[in-house]
There are 2 protein chains.
Amino acid sequence: MANKYVFAFGELKLKGKEAAYVLGNKGAQLAEMTSLGLPVPPGFTITTHACMEFYKNNQQWPKGLEKEVREKLAELEKKMGKKLGDHENPLFVSVRSGAYASMPGMMDTVLNLGMNDKSVLAFAKQTKNERAAWDSYRRFIQMFGDVVLGIDHDKFEKILDEQKKTKGVKYDSELEIDDLKKIVAKYKELVLKEKGKEFPQDPWEQLRMAINAVFNSWNNPRAIAYRRINKISDDAGTAVNIQSMVFGNMGNDSGTGVGFTRNPSTGEKEPYGEFLVNAQGEDVVAGIRTPQHISKMKEILPKAYEELVKIYTKLEKHYKDMQDFEFTVEKGKLYMLQTRRGKRTAQAAVKIAVDMVKEGLITKEEAILRIEPNQLNQLLHKQLDPIAKQKEEVLAKGLAASPGAAVGKVVLNANKAKEIVERNPEEKLVLVRTETSPDDIEGMHVSQGFLTARGGLTSHAAVVARGMGKPCVAGCEDIVVYEDKGYIEIPTKGIKIKEGEFISIDGSTGEIFKGKLPLIEPQVKGEFKELMTWVDSFRKLGVRTNADTPHDAKVAREFGAEGIGLCRTEHMFFEGERIKAMREMILADNVESRRKALAKLLPYQKSDFIGIFEAMKGLDVTIRLLDPPLHEFLPKEDQEIEELAREMGYSVEKVKQINESLKEFNPMLGFRGCRLLIVYPEIAEMQVQAIIEAAIDCKKRKIDARPEIMIPVLGHVNEMKVMKEIIDKKAKEVMEKEGVQVKYKVGVMMELPRACITADKIAEYGEFFSFGTNDLTQTTFGYSRDDAGKFIKYYLDKKILLEDPFEVVDQEGVGELIKMSVERGRKTRKDLKIGICGEQGGEPKTVEFCHKVGLNYVSCSPYRVPIARLAAAQAAIKDSQDKKKSKKSKRN
Amino acid sequence: MANKYVFAFGELKLKGKEAAYVLGNKGAQLAEMTSLGLPVPPGFTITTHACMEFYKNNQQWPKGLEKEVREKLAELEKKMGKKLGDHENPLFVSVRSGAYASMPGMMDTVLNLGMNDKSVLAFAKQTKNERAAWDSYRRFIQMFGDVVLGIDHDKFEKILDEQKKTKGVKYDSELEIDDLKKIVAKYKELVLKEKGKEFPQDPWEQLRMAINAVFNSWNNPRAIAYRRINKISDDAGTAVNIQSMVFGNMGNDSGTGVGFTRNPSTGEKEPYGEFLVNAQGEDVVAGIRTPQHISKMKEILPKAYEELVKIYTKLEKHYKDMQDFEFTVEKGKLYMLQTRRGKRTAQAAVKIAVDMVKEGLITKEEAILRIEPNQLNQLLHKQLDPIAKQKEEVLAKGLAASPGAAVGKVVLNANKAKEIVERNPEEKLVLVRTETSPDDIEGMHVSQGFLTARGGLTSHAAVVARGMGKPCVAGCEDIVVYEDKGYIEIPTKGIKIKEGEFISIDGSTGEIFKGKLPLIEPQVKGEFKELMTWVDSFRKLGVRTNADTPHDAKVAREFGAEGIGLCRTEHMFFEGERIKAMREMILADNVESRRKALAKLLPYQKSDFIGIFEAMKGLDVTIRLLDPPLHEFLPKEDQEIEELAREMGYSVEKVKQINESLKEFNPMLGFRGCRLLIVYPEIAEMQVQAIIEAAIDCKKRKIDARPEIMIPVLGHVNEMKVMKEIIDKKAKEVMEKEGVQVKYKVGVMMELPRACITADKIAEYGEFFSFGTNDLTQTTFGYSRDDAGKFIKYYLDKKILLEDPFEVVDQEGVGELIKMSVERGRKTRKDLKIGICGEQGGEPKTVEFCHKVGLNYVSCSPYRVPIARLAAAQAAIKDSQDKKKSKKSKRN
């Protein structure tokens, strides 16, 4: 019978992922390097399959495994001319885990296996290095005792410490041979005491136990947790790699090191790595001696260095990607211990991909597929220096509401922020509030970023932050804001931070730090631009932006936005005089006074639209009519209400009563969007007038404005009919008055299940659809985004939900509705333009989904535009690859 | 060319609805009676089509109409041997409107047309009744002046009154011939003054103008409003009936009357109607003389009476339904002027239908189809006496939250209600509150009905009322409750009602009356029972009930419920000690204390379930696990919070803080249903334990309990998986402990779009589906039922929505999701049992829809069970008729 469970390095002729599924990632790479003829210490791999059989078999080795391991061990011994733990000519091996996905440090490793009371002597004799031999034996007992026998690591450390005390030394390396022998003896006593059995001297017994330990480590708690976090299947199992040991601690002609084939921070093609003479891998990690830059090796071990450069160049060519490798030099001879895809910064990823295309190593398609779209975030926002961050304590963690980092002095009041910056425009502030409100807008403008104790990812602070491109941590419930007392408190840590003290917030992770952390500026280098040109040549999906101001529109256009997919008009009413007019409108108790107040808002809206049309000239601009319920514009605090009443000339009681009458049990499902616009058509009329007048103003100045008017919260074709009548009538009136015709479209924000189900009917009147995935997800799931935090976290932990449906489109449910809308809508109107707006519009998986279901465009916040462009190109490339594959498989 | 627009009575050979569409309802019936050979005064009908052409033609007669009218008039004159308005031998006609649907009093009528200065003399001479002639002329000018010429009716009345004053008389009938002549002269002067033209003497001109007036009356405001309310198409148009006049005021051998073929109140087969000798139709209405019972006619006009009985018997046989007819006797000769389906009470409808089956007139199917299901409501609840009601002013109107009527003394506090009834169990009280809360339960138990100023159709008061079968008017915003001051106020009316004063509320209409209105007891007579037996033999759809208590279950079973489709367990926690334990559970800050509190609830739940299982033995009982968010169980008022804190031994601050932390922005979409049960599985475990222990207890006593455990607010198959594991594990544990096995099913409340879309996946674990149409409508439309009042009324008025989707299932949207679920669910699980629960379950159109899409059952409140049974039978009968028709049409 052929072997099933165990393969010598290079024996199994599988490649890439298939090899990794069978041999684990580490095993596959060792096999592949062996096949390439590289100097890899020989060994063999027990498959992941064996591990799973072990679990099925009640944690016993499956039938045949022992026979195969013994055979492969015999082959290895023959090849090496040594015998495992032999008393004359001993072979030592390492036993390491390795799953199909890399899980660094999660599972177990045993080095120097084969050491025993006899082989240690033979080793000493052979290597003429008695100290190294006893030190290796000591290390082996300690490692085996901890990992395989499960004896508390500290108990070994205690014995070691006592010996050092007795000897009066500080470092392990100061211990002499006799000390090491005494320690070995005490270690063995410890094992006997703890386990009631002698430390196993039989090398086969050692090996069997170590393999079991690796199998068992697949289900240790930290491995389970790692898999949950990294979405790795529990059914994959780990392989076990048994490899002959090489020793870098054999003198000054020996050593060990790690390196990258290119600089993982910058992507530059240059030697990068560290090297330590006369040392084992552990010593590099222990940090007792400072390693040297890898280029120093050229002087110390020139031959080995030359070979290393040759090998790693070959590896990179072979894998067509930057590699992260480990090696050991034993008495001048170089051995490769590991190679894998090197982790890198976004900047390096982009540079390496572009360079490799130029070097002819990979195609443009491969380069594009290689960049993780979300990683581009790093290139588009200021970031906290990751190294500095690692050293700091995370004070609290909130929701990562708007990416980027901000460092500044704490300020607890928006007006105060404004005053401070007016006095000194150089001041950097972080506005910290329980919640922000429209009144805070000006203070937000002058701050570097925002931190709130309450509110979700769609709270005022979060939405405004993303619009402004400023970092925001929202809903950070660990902090309590005492605005009146002038400080914030983190009760769980017992920490207070006063106004004026520095904090640093990371809106990409939700982390909060005390003090002033260093910031890294966004770097948009030549290669990034070049990559994005390629990206645009591949993608089929348009990419627009969500922008409410001319400034945002300009930024987004610089990032490559091809129009505006969502211009929210309500945010235009939050500033200064506007909010007053808005409130006046809301408090009006008849059509006439409402129209009067609306007339005050008209010039603001019009000039906003003119600015946006100018910034987006020649491109479509989708403007959503008023969406939120009216109570969102009213003040909540008594003092504010009193002020408003005074301004409006109403009694406080009346304002309170109106406020009360507008309150809703479930505002998400309440009197908003087109419901409001149908009952109070004068609001829509004012907005349409502003849009059409702005377009006419542009046309007169030869600026190509292309408005698309979008109706929010629509669920019934009759709403569509009524709204289209209101819009067309007003538009016609304005155009007739001005004597100028402009083109515009009328369409629907698809955000209710009913709209999707009846898309065929709605498309009779609607000229475009744009999915509002946030509300559509809320209604399809029946989740209130503001409240769902209470269980979504739990659901993600328990894998009830695999992804947060507010972050990644839920293809099974919400996606079905989107597909249904596309099919039904286009059945009625062939050329129906369909897009997606909202937070998910820039999320790569969602972009891929949108490509697949045939949408025309996605729309996202300005800073996500490049990410969406990249994701769209990846989707198009994958799609065309899949089609080629399926064509091929059909031909075969 | 054949005639297109005008048909003599009986000329056009159409029947039933088809005839009514062309000739209008009145015209069709006159034609049909003519065809039957009954003595109908001859005449002709201008079609509804002509009316619509009139509107299309800019309110001008379409081409050819005049020619046709002239021809038909000539035919009529020939037949009668008279000429319209002739100076020797005049013909007089009536001109009446008549649309396809009866719109009584909405459009115009002109009698005595053809009267002029000459024909009045001829008429006087011919009839030898000069007074009648001049009175007829006077009446004609007045009617024509008002209806056709648009002169204010009061102006004619003023002339009439002045003449009576001058003469010193009180009644019109006291005026003499000369007076009438003077009035005619003054009337003509008035017309000249108002219109600048003489009153038209040309009979053709009179006719042309009268026809125009009838056409125009189709679009008078009251007709438009009537159509909106009664959902009659605006495009139908009215027909015009021109009929030769007969005169019942020709002496004591003449008369006029109206009658029904059976008693419309009771359904008894007996002469029913009124008769007036020597009178015209108008006089009956005017109420000057008291009409006699129709049977008196036998003595006065025996021949005519005999013929009348023969005719109306024939009519009933012909139409196979109870008729409402009008007739006139002119000089001993009987003329039939009208016949139509007679309106009747529910009691009469049922008796007539059953009797007619027994008489062999109609089939059982026809009998069943003839009863409007909602009319049964009248038979199932106490009602305010409709006659007494008409005389009273409606003080205020709220939501018709629970049917039936209550009369009692106002009480504003639930505890006070309890005390009052404890002192005097005979006291009838109506509990009036701003809103009710769980604390009010005992006070609600002792009251006749509830009136609240706030809250919707799913508010606490409404839900409890329907469960108890008590009437409730909810959300009556016109009233203000001053509990402390001891009165309620209706500011719009300036009325105060003190505690202890009587009010009457009608939960079927939402109306509120001051004082003590008489009540009508529900009458469930033999025929009703008989009809329901037939109903059950036809229907395919099961009918279950929504019941939370053994009492409700018993009532429902008496009404024919075949199981419980929805037993809400949360209502079980509102009373006395239970709410305390519930609150303790909610306030618990760890699993252990939560379990301890839950243990206190277990015996209550168990004994509730035992009671319900007993009442429903042998039938399925679907029990929904805890559904609402926890904050619904906590007190809101400061005082209650303080009490709770004292009881629980917590600080007030802590209770407030927990209260605060449970608050939600959109509770509808929040932490509730299975989300709660998954995060706190111990709640579900307690409920499952109670259910299974109760079933075991029953089994031990040989009572066949059939629990079905339903999971609320489920949207993802993984929730289903986790919940089924929790339930099965607990059930197994309980059964093992008790050593008794019981059967149970686990299924899903389908109330989220996502559940419907992924029904195929959910059905892998779910054994039954039950649609919660209330929440499904809320999420599909994105409407919060509590808030949607603000725009739904407006939408219904403007016909944006044709029906309130919370009352009738929205087939286009929500219905599509239901269909999708049924198809997808049964694809996975062929025998999947599917039902519907919630308010709509008893709504006839929804029942029909459920039958069509293949549901297994509907479930509704106990008092709607007979309605649902009837609706289900109607759906099955219609379905089988449609199938027969389509088979037939295929054969042809």
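In helix H13 of chain A, the buried residues (under 20% relative accessible area with a 1.4 Å probe, protein chains only) are Ala346(A), Gln347(A), Ala348(A), Ala349(A), Val350(A), Lys351(A), Ile352(A), Ala353(A), Val354(A), Asp355(A), Met356(A) and Val357(A). This is a predicted model, in which local features need pLDDT of at least 70 and side-chain atom pairs count only at pLDDT 80 or more, while totals for chains, interfaces and linings use all residues. Residues are numbered from 1 along each chain as its sequence is written, chains are lettered from A in the order in which they are written, and side-chain values use heavy atoms, without hydrogens and water.

Because twelve of its 13 residues are buried, H13(A) is largely enclosed by the rest of the structure. Helices are DSSP runs (H or I, at least four residues) and strands likewise (E, at least two), numbered from the N terminus. H13(A) covers residues 346-358 and reaches 19 Å from its first C-alpha to its last, close to the 18 Å expected at 1.5 Å times one less than its number of residues. After the helix comes Gly360(A), with a positive phi near 80°. The buried residues pack against four helices of chain A, with contact meaning heavy atoms within 4.5 Å.

| Helix of chain A | Residues |
|---|---|
| H12 | 302-319 |
| H14 | 364-370 |
| H15 | 377-380 |
| H20 | 526-538 |

Chain B has an open sheet of eight strands with mixed pairing, in the order E14-E24-E23-E16-E17-E18-E19-E15. Strands E14 (396-397) and E15 (399-402) stand at the edges, each with a single partner strand, so one side of each lacks a neighbour in the sheet. Strands pair if DSSP finds at least two bridges between them; E16 (405-411) and E17 (429-433) of chain B do so in the parallel sense over three bridges. Val410(B) stands opposite Val430(B) in E17(B).

Technical notes
Buried < 20%, exposed > 50% of the residue type's maximum accessible area, 1.4 Å probe, protein only.
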